[in-house]
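Biologist: I would like to learn how to read strand pairing and ring contacts from a model. Can we go through one case step by step?

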Amino acid sequence: MAKSESWEWLKAVAVALLLAVVIRFFFFAPIVVDGESMMPTLEHNDRMIVNKIGYNISEPDRFDIVVFHATHTKDYIKRVIGLPGDTVAYEDDVLYINGEAVEEQYLDDYKENANRMPFTGDFTLEEVTGYETVPEGHMFVLGDNRQHSKDSRHIGMIPYDEVVGKANFVFWPVNEFRIVN
C-alpha cells in the first residue's frame with residue numbers, strides 16, 4: 001500500500017513540475033527590473049510577470065512595455081515607440097510619430113521633477129539609427145527615463161524575434177502590486 005501511495009505522489013509532483021516548466025517557458029516568466037531606465041513607471045528591483053503569449057508571432061502595440069534580448073546574456077525592458085513604417089523624431093521635448101505630435105502622459109510627472117531639460121534630447125530616427133522609417137519586423141524602443149536609458153537610440157532597432165514578451169504586471173514588492181501602462 002505504501003509503495004502505491006508513494007508512486008502516486010511521485011507522479012503528481014512530476015506532472016506539477018512539468019506544468020510549471022511548460023507555463024514558464026511558453027506563457028509567463030518572471031523578470032526583475034535592473035536599473036533606472038524605466039523610472040518612474042518601473043523602479044529598480046521591481047519584479048514583473050512577462051506575458052509571452054502571442055508575442056513571438058504578432059506585432060506589439062505602440063507604448064507596450066516589452067522585454068527583449070539585448071545581448072546573448074542580458075534582457076532589456078523598454079517601451080515600444082516606433083512600429084514598422086513609422087518615422088520617429090523628438091523636437092523641443094515633443095515626440096513626433098509620422099510627423100504628428102504624440103502625447104506621452106506616462107512621462108508628465110517625471111518631466112516636472114527632472115533636473116535637466118530637455119527631458120528627451122532632439123533626434124530623428126535617421127540620425128540615431130540610419131533608417132528613415134522603422135523597418136518591417138522591427139520596433140524602435142525608448143526607456144521612460146530618457147536621460148538615463150540605453151535604448152534604440154544606442155542599440156538600434158529591435159527585431160520582433162528578439163522580443164520575449166509584454167510586461168505589464170508588477171507583483172513585487174507586494175505593496176507596489178500594480179498593472180503598468
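Biologist: In which sense do β3 and strand β4 pair, and over how many bridges?

Modeller: This is a predicted model, and what follows should be read in that light. Strand β3, residues 65-69, and strand β4, residues 75-82, pair in the antiparallel sense, with 5 bridges between them. One bridge can be picked out by residue: Val66 has Lys78 in β4 as its partner.

Biologist: What joins β3 to β4?

Modeller: A hairpin makes the link, through 5 residues.

Biologist: Is β3 mostly covered or mostly open?

Modeller: Mostly covered, since 4 of the 5 residues of β3 are buried, the cut-off being under 20% relative accessible area. As a general idea, side chains in a regular strand alternate between the two faces of the sheet.

Biologist: How do I read a sheet order, and which strands form the open sheet?

Modeller: Read the order from edge to edge. Here 4 strands form an open sheet, β7-β6-β5-β8, with antiparallel pairing. β7 (100-102) and β8 (123-124) are at the edges with a single partner strand each, so each has one side without a neighbour in the sheet.

Biologist: How many bridges join strand β6 to β7?

Modeller: Strand β6, residues 94-97, is joined to β7 by 3 bridges, and the two run antiparallel. Within this pairing, Ile97 stands opposite Glu100 in β7.

Biologist: Turning to rings, how many aromatic pairs does a search of the whole structure find?

Modeller: The search finds 4 aromatic pairs. One of them is Phe123 with Phe140, at 6.0 Å centre to centre and with 35° between the planes, which makes the pair tilted. Phe123 lies in strand β8 and Phe140 in strand β9 (residues 138-142), so this pair ties together parts that are 17 residues apart in sequence.

Biologist: Are Phe123 and Phe140 buried or exposed?

Modeller: Phe123 counts as buried because its relative accessibility is 4%. Phe140 also counts as buried, at 0% relative accessibility.

Biologist: Which residues form one aromatic cluster?

Modeller: Tyr90, Phe123 and Phe140 form one cluster.

Biologist: Some charged side chains are placed against rings. Over the faces of which rings do Lys78 and Arg79 lie?

Modeller: Lys78, the bridge partner of Val66, lies over the face of Tyr76, at 5.3 Å from the ring centre. Arg79 lies over the face of Tyr106, at 3.7 Å from the ring centre.

Technical notes: Residues numbered from 1 in each chain as written. Predicted model: local features only at pLDDT ≥ 70, side-chain atom pairs only at ≥ 80, totals over all residues. Heavy atoms only, no water. Buried < 20%, exposed > 50% of the residue type's maximum accessible area, 1.4 Å probe, protein only. Pairing = 2+ DSSP bridges. Phe/Tyr/Trp six-rings, centres within 6.5 Å; stacked < 30°, edge-to-face > 60°. Lys NZ or Arg CZ within 6 Å of the ring centre and 35° of its normal.
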